[in-house]
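Trainee: I have some questions about how the labels in this model are assigned. Can we take them in turn?

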Amino acid sequence: MSLANGRSYLAIPGPSVMPDRVLQAMHRPAPNIYSGELVDLVASVVPDLKAIAGTKHNVAIYIANGHGIWEAALANTLAPGETVLALATGRFGAGWAEMAARIGIKPRVLDFGLSATYDLEVIKEVLRADTECEIKAITTVQVDTSTSVRNDIKALRDAIDEVGHPALLMVDCIACLGCEEFRMDDWGVDVMIAASQKGLMTPPGVGFVFFGPKAAEARNGLNQISAYWDWNPRANPDEFYQYFAGTAPTHHLFALREALTMLVHEEGLENAYARHKTLARAVWAALEAWGKEGSIALNIADESLRSFVVTSVNIDAPNATALRDYLTENLGVTLGIGLGMAPSGSPEWHGHFRIGHMGHVNAHMVLGVIGCIDAGLKALNIQHGSGAMDAAVRVIAEA
Ligand SMILES: *Cc1c(COP(=O)(O)O)cnc(C)c1O
């Protein structure tokens, strides 16, 4: 029978759950876009965004999703024909490289597979061999949302410094900004990108490019740059409209203001990071219990490499699709598809799913998802170990 009526939970890794307060902040007439409240509001979100990024440098705000922000970051740092070293630890690292190729930049992809972080020795070897410094930038993701691996950005910086290579370090934090620690300036990151719809609890449609002095210099050295993507006027506008190269995304900004108030000023970043970590540990505990029998397994075996915002799960096909369908239709919870883990349409594609636990999530939501997956496994007669709920509850109770 269907038990899906009631508040549904989209437990996919973005767009994430939006707080009622964020939704309500948008429920109002359009403001004047030339002066007054909106101008003050934008001035107030900039320092909060920089605080989350851990930077005292620049942020440019775009009306765009993550793909747009990928292009924005590339368009300001590399000219067509120049080379970017793209570190792939899942679909998103690879996707950024594909975007580079589409605008004439030459991506050199180092692919580290679908269940591991990067190998710093391999990266150092490639950088050492680049004696002419053809590699102008290195792109990577902090959390690859497809595999749910978390890459150690500070360690990557140290490796680049060890070799003494001058390439810019550009990091995609779209999945995890606001949920997992990130320190742009302390970690020596030149460009960091984020978007509104994941950890930042705001509807999809606004993205951010943070950039430091070395990246600013690269931008100023380009012969030509798209007028729309140019980050200079957006980061340091003379007139208000230049923040957005036109009309401001008025209602997204109301939403963002409310979300930042909740995250930065009420909960506080450290508390938000700790909440995500504990909730993630509850999810892993459940998965480890299920995995004692049958085929269910965490995609990232090494706990220290697992993201706190999304968990990728492998299971014999076609049980991932069966489970997802059952949960959506009968229980009111929607799990994420297994993005990039197998070719879409192949039989193996039905052997992967993801649980999103980013942003506006708390203990009862995560325990609810775990309980629903447990019910789905039982209803569908999918073999699994017992005690998952108990294991998850213990993590929460001991936190
Ligand atoms: C979601 C995501 C993207 C893509 O964002 P879109 O808004 O879907 O274009 C890119 N990188 C990472 C790490 C993501 O999680």
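Trainee: What makes the link between the side chain of Arg-354 and the backbone oxygen of Thr-145 a polar contact?
Mentor: This is a predicted model. In it, the Arg-354 side chain reaches that oxygen of Thr-145 at 2.7 Å. The cut-off is 3.5 Å for a pair of N or O atoms, so the pair qualifies.

Trainee: Why is Arg-354 called buried?
Mentor: Its relative accessible area is 6%. Buried means under 20%, so Arg-354 counts as buried.

Trainee: Which residues does Arg-354 touch, and where does it sit?
Mentor: Arg-354 lies in strand S14, residues 352–356. Its contacts include Ala-11, Pro-13, Ser-146, Val-310 and Leu-339, not counting residues up to four places away in sequence. In UniProt, an unreviewed entry lists Arg-354 under "binding site".

Trainee: Why is strand S9 called largely enclosed?
Mentor: S9 covers residues 191–195, and five of the five are buried, so the rest of the structure largely encloses it. Val-191, Ile-193 and Ala-195 are buried on one side. Met-192 and Ala-194 are buried on the other.

Trainee: Why do the residues split that way?
Mentor: In a regular strand, side chains alternate between the two faces of the sheet.

Trainee: How do you know that S9 pairs with S8?
Mentor: Pairing needs at least two bridges. S8, residues 168–172, and S9 share three, in the parallel sense. Val-171 stands opposite Met-192 there.

Trainee: What makes S10 a partner of S9?
Mentor: Five bridges join S9 to S10, residues 207–211, and the two run antiparallel. At least two are required, so they pair. Ala-195 stands opposite Gly-207 in S10.

Notes
Residues are numbered from 1 along each chain as its sequence is written. This is a predicted model: local features need pLDDT of at least 70, side-chain atom pairs count only at pLDDT 80 or more; totals for chains, interfaces and linings use all residues. Side-chain values use heavy atoms; hydrogens and water are left out. UniProt positions are given in the numbering used here, feature names are shortened, and annotations may be inferred rather than shown by experiment. Helices (H or I, at least four residues) and strands (E, at least two) are DSSP runs, numbered from the N terminus. Buried means under 20% relative accessible area, exposed over 50%, partly exposed in between (1.4 Å probe, protein chains only). Contact means heavy atoms within 4.5 Å. A polar contact is a pair of N or O atoms within 3.5 Å; within protein, one must be able to donate a hydrogen and the other to accept it, and residues adjacent in sequence count only if both atoms are side-chain atoms.
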